[in-house]
Amino acid sequence: MHAVVRTYSGPGAKELFDVIEANLAEIKTSYTPSRVLSATRWFAPRQGGFAVTVCQDRTGVDESLRLAREWIAKNAAHTGAAAPLVGEGTVILS
C-alpha cells in the first residue's frame with residue numbers, strides 16, 4: 001500500500017476547506033480513483049487542513065493527486081489557496 005498526505009495552509013486554505021465541506025457529496029462520488037482504498041479529510045477552521053489518501057500502489061497516489069488538483073482548479077480556484085505540501089510513501093503499518 002502507498003499513502004499520500006496533502007497539507008493546505010496559509011491564505012485561502014480555510015476557504016478551500018469550506019468549499020470542500022460544502023461539496024462532500026460530489027467529492028465522494030467523483031473523487032474515487034480505482035486504486036484508492038480509503039480517503040479521509042480533517043480540517044481546522046482557522047488553519048486550513050489536510051487530506052490523507054491510502055492507495056494500493058504509487059499509481060493510485062498519482063491518480064489521487066491529479067484528481068485533487070483538477071477538482072480544486074475547477075471548483076475552488078477562487079479561494080487562492082496555495083498548492084499543498086505533499087508527503088507520500090509506503091504504508092508500513094495498517
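These legends go with several close-up views of a predicted model.

**View 1. The whole chain, for orientation.** Before zooming in, here's the layout: 3 helices and 4 strands, strung along the sequence as β-α-α-β-β-α-β. Of the 94 residues in the chain, 34% are buried. If you take the contacts between residues at least 6 apart in sequence, 76% of them join residues at least 24 apart.

**View 2. Helix α3 and what sits over it.** Helix α3 takes in residues 58-75, 18 residues in total. At 1.5 Å a residue that should give a span of 26 Å, and the end C-alpha atoms are indeed 26 Å apart, so expectation and model agree. Look for its buried residues: Gly60, Val61, Glu63, Ser64, Leu65, Leu67, Ala68, Trp71 and Ile72. Their cover includes two other helices, α1 (13-22) and α2 (24-30), along with strands β1 (2-8), β3 (48-55) and β4 (85-90).

**View 3. The start of α3.** Zoom in on aspartate 57 and threonine 59. Here a side-chain oxygen of aspartate 57 comes to within 3.2 Å of the backbone nitrogen of threonine 59.

**View 4. Alanine 68 in the middle of the story.** Alanine 68 belongs to helix α3. Its relative accessible area is 7%, so it counts as buried, the cut-off being under 20%. For a distance to check on screen, try alanine 51: its C-alpha lies 9.8 Å from that of alanine 68, with the two positions 17 residues apart in sequence numbering.

**View 5. Tryptophan 71 and its neighbours.** Also in helix α3 is tryptophan 71, which counts as buried because its relative accessibility is 11%. Leaving aside residues up to four places away in sequence, tryptophan 71 touches Val19, Ile20, Asn23, Glu26, Ile27, Ser30 and Ala76. Serine 30 makes a handy landmark: it is 41 residues from tryptophan 71 along the chain, yet their C-alpha atoms are separated by 9.1 Å.

**View 6. The buried face of α1.** Pick out Ala13, Leu16, Phe17, Val19 and Ile20, the buried residues of α1. Why do they line one face of the helix? Seen down the axis of α1, they fall within an arc of 155°, so they share a face. The spacing helps make sense of this: an α-helix has 3.6 residues a turn, so residues three or four places apart point the same way.

**View 7. The largest nonpolar core.** This core has 10 residues: Tyr8, Ala13, Leu16, Phe17, Val19, Ile20, Ile27, Trp71, Ile72 and Ala76. Which elements give two or more residues to it? They are α1 and α3. The largest share, 5 residues, comes from α1.

**View 8. Tyrosine 8 and its aromatic partner.** Searching the whole structure turns up 1 aromatic pair. The partners are tyrosine 8 and phenylalanine 17, arranged edge-to-face, with 5.7 Å centre to centre and 65° between the planes. Both tyrosine 8 and phenylalanine 17 are buried. Not counting residues up to four places away in sequence, tyrosine 8 touches Ala13, Leu16, Phe17, Gln47, Gly48, Gly49, Ile72, Ala82 and Pro84.

Conventions:
Residues are numbered from 1 along each chain as its sequence is written. This is a predicted model: local features need pLDDT of at least 70, side-chain atom pairs count only at pLDDT 80 or more; totals for chains, interfaces and linings use all residues. Side-chain values use heavy atoms; hydrogens and water are left out. The expected span of a helix is 1.5 Å times one less than its number of residues. Buried means under 20% relative accessible area, exposed over 50%, partly exposed in between (1.4 Å probe, protein chains only). Contact means heavy atoms within 4.5 Å. A polar contact is a pair of N or O atoms within 3.5 Å; within protein, one must be able to donate a hydrogen and the other to accept it, and residues adjacent in sequence count only if both atoms are side-chain atoms. A nonpolar core is a set of buried Ala, Val, Leu, Ile, Met, Phe, Trp, Tyr and Cys residues joined through side-chain atoms within 4.5 Å. Rings of Phe, Tyr and Trp (its six-membered ring) pair if their centres lie within 6.5 Å; planes under 30 degrees apart count as stacked, over 60 as edge-to-face and the rest as tilted. The arc is that of the directions from the helix axis to the C-beta atoms.
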